[in-house]
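Dear colleague,

Please find below the structure that I am handing over to you. After it, I set out what was found.

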Amino acid sequence: MLDGRTQIKISVLVSLYHGQEYLEGFFNALNRIDSPETLELIIIHNDPVTDELEIISRYKQMSRISIVHDIVNNRESLYSSWNRGIRLARGPYIAIWNVDDVRLPDSLKRQSHILDKHSDVFFTYGDQIEIQMYGESDGRQVCFPEFHEHPELFISGFHLGCFPMWRKALHDIAGYFDEQFKSAGDYEFFVRVVKNCSGKKTEGVLGYYLASQGISKTGSVNNIERTLVELRYAQYQKLNYVYLLPALIRYRILRILSYGMNYRVGQFFPNYQFYRISRIYTIPVGLLLFPFRHLFPMIWRKLSRYA
């Protein structure tokens, strides 16, 4: 436990829902993290079960890291939990750590050094290793582009990985996560962020991402929500029209839902209407590419099942 004089620098957000099989490994990795005295762990615990509560209680007593355990009796969306954690955060820097992913011991320190050194940088990210089974150390390295070299890529796609860190003050500029989302809310949020703020990549691998079995995988929902983000931010050349109608029916495209309040997208995206109008020219491009990018591969996959 930390004494009252310790200043929290980094608030690490964890949204937990029935993840007991990963909790022991998560806390073991947490105990190896560098400079634990500068951290607080905020666990937003959805619909807790006994095994999870016992593990958290045990590690909370022995941990050198301040642990905030906030229980939500009924399950809420991932992005509602992250918003809840942001409000609880005491540190000026916020980082994400999913329980089924593993951060390297120096990852948080390296990322915080980027923000310490560059006062004009509001978020940082880094490469990761994609693994197929929890606990593996060998996998495929996923390398993300440098933000300053290709900032436009961060609007047309999500290139921050699963270990981002950002300044809490960023939310005064870009708003909070849209709680309508179940899967692609981080992509949607960081589109707003990159239109308002500068980012910088942290060199080196930050951790291991569980690709195949993780607790946060959402299947076709992600396709619908990616289509919503692309429509909301005028990435018409990438639209998958198969998912367009479900996106229009299920979500409010021009509104952001945070903390029970609805906000106009334009409040957090400079010159929003002009930006959307200026990209109308990409609609014919998207219509032309749609059969080759989405429709033909989908038909081929279905036919191959019967081959």
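**Helix α7**

In helix α7, the residues G185, D186, Y187, E188, F189, F190, V191, R192, V193 and V194 are buried. Please bear in mind throughout that this is a predicted model. The helix as a whole is mostly covered, since ten of its twelve residues count as buried. Its length may also be checked against expectation. At 1.5 Å a residue, the twelve residues of α7, which occupies positions 185-196, should span 16 Å, and the end C-alpha atoms lie 17 Å apart, which agrees.

Two of the charged residues in this helix are paired with each other. R192 forms a salt bridge with E188, and the closest N and O atoms of the pair are 2.6 Å apart. Both residues belong to α7 and are separated by four residues, about one turn of the helix. R192 has a relative accessible area of 0%, and therefore counts as buried, the limit being under 20%. E188 is likewise assigned to the buried class, with a relative accessibility of 0%. The pair is also part of a wider arrangement: salt bridges that share partners join D178, E188, R192 and R232 into one network.

**Helix α2**

Helix α2 covers residues 50-62. For its 13 residues, a rise of 1.5 Å a residue gives an expected span of 18 Å, and the distance between the end C-alpha atoms is 19 Å, which agrees. Which residues of α2 are buried? They are E52, I55, I56 and Y59. These residues cover an arc of only 95° around the axis, and so they lie on the same side of α2. The face turned away from that buried side carries the exposed residues T50 and Q61. As for what the buried residues of α2 pack against, the partners are strand β1 (10-17), helix α1 (20-31), strand β2 (39-46) and strand β3 (66-72).

**Other salt bridges**

The structure holds eleven salt bridges. Besides the pair in α7, two others may be of interest to you.

One of them joins D70 to R84, with the closest N and O atoms 3.9 Å apart. This pair links distant parts of the chain, as D70 is in strand β3 and R84 is in helix α3 (residues 78-88), 14 residues apart. D70 is partly exposed, with a relative accessible area of 22%. R84 is also classed as partly exposed, at 33% relative accessibility.

The other is formed by R110 and D106, whose closest N and O atoms are 3.1 Å apart. Are these two residues buried, partly exposed or exposed? R110 has a relative accessibility of 22% and counts as partly exposed. D106 falls into the partly exposed class as well, with 29%.

**A nonpolar surface patch**

Finally, I would draw your attention to the surface. L245, L248 and I249 form a nonpolar patch there, and together they have about 330 Å² of accessible area. Of these residues, L248 is placed in helix α9, which runs over residues 244-250. L248 has a relative accessible area of 45% and is partly exposed, because this class lies between the 20% limit for buried residues and the 50% limit for exposed ones.

With kind regards

Methods:
Residues are numbered from 1 along each chain as its sequence is written. This is a predicted model: local features need pLDDT of at least 70, side-chain atom pairs count only at pLDDT 80 or more; totals for chains, interfaces and linings use all residues. Side-chain values use heavy atoms; hydrogens and water are left out. The expected span of a helix is 1.5 Å times one less than its number of residues. Buried means under 20% relative accessible area, exposed over 50%, partly exposed in between (1.4 Å probe, protein chains only). The arc is that of the directions from the helix axis to the C-beta atoms. Contact means heavy atoms within 4.5 Å. A salt bridge is a side-chain nitrogen of Lys or Arg within 4 Å of a carboxyl oxygen of Asp or Glu. Patches are made of residues with over 30% relative accessible area and no salt bridge: like charges are joined within 9 Å, nonpolar side chains (Val, Leu, Ile, Met, Phe, Trp, Tyr) within 5 Å. Accessible areas come from the Shrake-Rupley method with a 1.4 Å probe; for residues, only the protein chains shown count as cover.
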